[in-house]
Amino acid sequence: MAPASNFDSVSNTVCVMDASTRLGSSLVKRLLKNGYTVHAAIQNIHNGGHGEFLDACDMKRLKNFHLDPFDYHSIIDALKGCCGLFYSFEPPKDQSCTYDEHIGEVEVRAAHNVVEACAQTDTIEKVVFTSSATAIIWGHHENDQNSASMLLDERHWSDINVCRKFKLWHALSKTLAEKTAWALAMDRGVNMVSVNAGLLMGPDLTIKNPYLKGAAEMYEDGVFVTVDLDFLVEAHICVYEQISTYGRYLCFNHIINQTEDALKLANMLSPLPSSPQRMESDTRIIQERISNKKLNKLMIECQPQINGKSRGVLMKMST
């Protein structure tokens, strides 16, 4: 259903950055279907094919921009005329850039540029910043004697010293970048919310995914969470459209806490890791120590709009 005609074009125009990722590309398509005009800021230009499966009407509301997150002006150009931004970061595909001890500086710099550009863009009303559950789950054993009974949620942050000690570069990078974004957003008056996503499932998931560093520890700690692409996309749109949203939202729709689930994930990975034979006799169900209650409550409130597809503007919650 298209947005109401009494809203001007700016209120219905959003930017997706980086639109060449799986999440970004799916967000672009869903937003177009829901009646938005979309500025698709594409970092990896060879992976930004949004024309597939879109009808002519959708294509008229799609504008592609080349994105360099380290070029402030390319960010400003993509944001021009937009009221909202969906931002996520992945290392550039055309570089030998991966998650190592140096990627944190790169991701922090990109996050700083994007939030500062939003502060300089008068039309921007809301920013949805995609972070990771890895910015929440690490280091609580070292800091709390009662950690075994602690339920982790959006209020928790990963310990950057623990991340460095155990070379959890994905967690370190996501934590530093998100903290940088929050500090700048609060200082510059940018209305921002973050979505801290679990491991994104899909056919391209491999053992080399940096999120999986420390997978055994996540499993034993009851915090190994995953999310399906469709659920993640809906969560982003819901967080954006509900005007009352605030702070961080831990986003997952499955937790791996028993042998059957762990083996299923192991069999999905390509190339396959060594056979986890010792797990086959393990019948334990690990206690969950992580909660997405905040997001689940919000998604229930969004459900009538999700089912009815009545989207396109920021919606006020009924009182």
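Is Ser132 buried or exposed, and what is its relative accessible area? In this predicted model, the relative accessible area of Ser132 is 3%, under the 20% that marks the limit for a buried residue, and Ser132 therefore counts as buried. Ser132 belongs to strand β5, and its side chain makes a polar contact of 2.9 Å with the side chain of Thr134. When neighbours within four places in sequence are set aside, Ser132 is in contact with His170, Lys174, Val195, Asn196, Ala197 and Tyr211.

**Nonpolar cores**

The largest nonpolar core has 60 residues, and those that touch the most other members are Met17, Leu79, Leu85, Phe224 and Ile290. Two or more residues are given to this core by each of β1 (13–17), α3 (72–79), β4 (84–87), α4 (103–119), β5 (126–132), α7 (169–188), α8 (215–221) and α10 (259–268). Among these elements, α7 provides the largest share, with eight residues. A second core, separate from this one, comprises 34 residues, including Val38, Tyr249, Leu298 and Cys302.

Phe224 can be followed in more detail: residues up to four places away in sequence being left out, Phe224 touches Leu199, Tyr211, Leu212, Ala215, Met218, Tyr219, His254, Ile255, Ile256 and Leu265. Tyr211 thus appears in the list for Phe224 and also in that for Ser132.

**Two helices**

For helix α9, residues 229–241, a rise of 1.5 Å a residue over 13 residues leads to an expected span of 18 Å, and the end C-alpha atoms are 18 Å apart, so the two values agree. Helix α9 is mostly covered, with eleven of its 13 residues buried; among them are Leu229, Leu232, Val233, Glu234, His236, Cys238, Tyr240 and Glu241.

The same reasoning applied to the twelve residues of α1 gives an expected span of 16 Å, which agrees with the 17 Å between its end C-alpha atoms. The buried residues of α1 include Leu23, Gly24, Leu27, Val28, Arg30 and Leu31. Just after α1, Gly35 adopts a positive phi of about 100 degrees.

**Aromatic rings and a lysine**

The structure holds three aromatic pairs, two of which are set out below.

| Pair | Centre to centre | Angle between planes | Class |
|---|---|---|---|
| Tyr36 and Tyr240 | 6.4 Å | 65 degrees | edge-to-face |
| Tyr87 and Phe129 | 5.4 Å | 40 degrees | tilted |

Tyr36 lies in the loop between α1 (22–33) and β2 (37–42), whereas Tyr240 lies in helix α9, so their pair ties together parts that are 204 residues apart in sequence. Both Tyr36 and Tyr240 are buried, and together with Phe86 they form one aromatic cluster.

Tyr87 is placed in strand β4 and Phe129 in strand β5, so this pair ties together parts that are 42 residues apart in sequence. Tyr87 has a relative accessible area of 2% and is buried, while Phe129, at 4% relative accessibility, counts as buried as well.

Lys294 is placed over two tyrosine rings: its charged end sits over the ring of Tyr246 at 3.9 Å from the centre, and Lys294 also lies over the face of Tyr249, at 4.2 Å from the ring centre. Tyr249 is in turn one of the residues of the second core.

Notes. Residues are numbered from 1 along each chain as its sequence is written. This is a predicted model: local features need pLDDT of at least 70, side-chain atom pairs count only at pLDDT 80 or more; totals for chains, interfaces and linings use all residues. Side-chain values use heavy atoms; hydrogens and water are left out. A nonpolar core is a set of buried Ala, Val, Leu, Ile, Met, Phe, Trp, Tyr and Cys residues joined through side-chain atoms within 4.5 Å. Buried means under 20% relative accessible area, exposed over 50%, partly exposed in between (1.4 Å probe, protein chains only). Helices (H or I, at least four residues) and strands (E, at least two) are DSSP runs, numbered from the N terminus. Contact means heavy atoms within 4.5 Å. The expected span of a helix is 1.5 Å times one less than its number of residues. Rings of Phe, Tyr and Trp (its six-membered ring) pair if their centres lie within 6.5 Å; planes under 30 degrees apart count as stacked, over 60 as edge-to-face and the rest as tilted. A charge sits over a ring if NZ of Lys or CZ of Arg is within 6 Å of the ring centre and within 35 degrees of the ring normal. A polar contact is a pair of N or O atoms within 3.5 Å; within protein, one must be able to donate a hydrogen and the other to accept it, and residues adjacent in sequence count only if both atoms are side-chain atoms.
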